[in-house]
Amino acid sequence: MSVTGLCQICERQEAEHSCPNCGTLACEEHWDEATGLCAQCAATVERGGREGTVRPDDVDDDDVMRF
Ligand SMILES: [Zn+2]
Ligand SMILES: [Zn+2]
């Protein structure tokens, strides 16, 4: 995926990725390859212990996986 602009986390390096969860542009340093999310979302996922099921703007804590 190619994106144009600066990383919206550090605002210093060129963004290489666009987060599918929150839309934030992230540079290599602020991109989490394991989750495929920006560093912010990756941190949230790691805290919740679930991968790939974060829903934007709706982080109620039910344990039901919705697809
Ligand atoms: Zn950055
Ligand atoms: Zn994100």
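## The first zinc site

The zinc ion (ligand 1) is held by C7 (SG), C10 (SG), C27 (SG) and H30 (ND1), at 2.0 to 2.4 Å. These atoms are called donors, meaning N, O and S atoms within 2.8 Å of the metal (3.2 Å for Na, K and Ca); water is not among the atoms, so sites may look incomplete. This is a predicted model, in which local features need pLDDT of at least 70 and side-chain atom pairs count only at pLDDT 80 or more, while totals for chains, interfaces and linings use all residues; side-chain values use heavy atoms, with hydrogens and water left out. Residues are numbered from 1 along each chain as its sequence is written, and chains are lettered from A and ligands numbered from 1 in the order in which they are written.

What is the arrangement of the four donor atoms around the zinc ion (ligand 1)? They subtend angles of 98 to 118°, so the arrangement is tetrahedral. Four donors earn that name if all angles lie between 85 and 135 degrees; four count as square planar and six as octahedral if opposite donors are over 155 degrees apart and all others between 65 and 115, and anything else is irregular. Along the chain, the donors of this ion follow the spacing C-x2-C-x16-C-x2-H.

## A closer look at its donors

How covered are these residues? Buried means under 20% relative accessible area, exposed means over 50%, and partly exposed is in between (1.4 Å probe, protein chains only). C7 has 0% relative accessibility and is therefore buried. C10, at 22%, counts as partly exposed, while H30 is buried at 17%.

H30 sits in the loop between strand 2 and strand 3 (31–32). Leaving aside residues up to four places away in sequence, H30 touches C7, I9, C10, C38 and A39, where contact means heavy atoms within 4.5 Å. A39, one of these partners, belongs to helix 1 and is partly exposed at 28%. Under the same sequence limit, A39 touches I9 and H30. The C-alpha atoms of A39 and T24 are separated by 9.6 Å, and these residues are 15 apart along the chain.

## The second zinc site

The zinc ion (ligand 2) has the protein donors C19 (SG), C22 (SG), C38 (SG) and C41 (SG), lying 2.2 to 2.3 Å from it. Their spacing along the chain is C-x2-C-x15-C-x2-C. C19 is in the loop between strand 1 (17–18) and strand 2 (25–26) and C41 is in helix 1 (residues 39–48), so this pair ties together parts that are 22 residues apart in sequence.

Here the four donor atoms subtend angles of 106 to 118°, which makes the arrangement tetrahedral. C19 is buried at 3% relative accessibility, and C41 is buried too, at 7%.

## The chain and its elements

Now for the chain as a whole. The protein chain has one helix and four strands, and from the N terminus on they run β-β-β-β-α. Helices (H or I, at least four residues) and strands (E, at least two) are DSSP runs, numbered from the N terminus.

Of the 67 residues, 30% count as buried. The accessible surface of the chain comes to about 4800 Å², and 46% of this belongs to carbon and sulfur atoms; such areas come from the Shrake-Rupley method with a 1.4 Å probe, and for residues, only the protein chains shown count as cover.

## The core and the helix

Which residues form the largest nonpolar core? Its seven members are C19, A26, W31, L37, C38, C41 and V45. Strand 4 (37–38) and helix 1 each supply at least two residues of this core. A nonpolar core is a set of buried Ala, Val, Leu, Ile, Met, Phe, Trp, Tyr and Cys residues joined through side-chain atoms within 4.5 Å.

The buried residues of helix 1 are C41, A42 and V45. They cover an arc of only 100° around the axis, which means that they are on the same side of helix 1; the arc is that of the directions from the helix axis to the C-beta atoms. An α-helix has 3.6 residues a turn, so residues three or four places apart point the same way. Strand 3 and strand 4 are among what covers the buried residues of helix 1, and the face turned away from the buried side carries the exposed residues E46 and R47.

## A backbone detail

Finally, turn to E11, in the segment before strand 1. E11 is a residue other than glycine with a positive phi, near 55°. E11 is exposed, with a relative accessible area of 56%.
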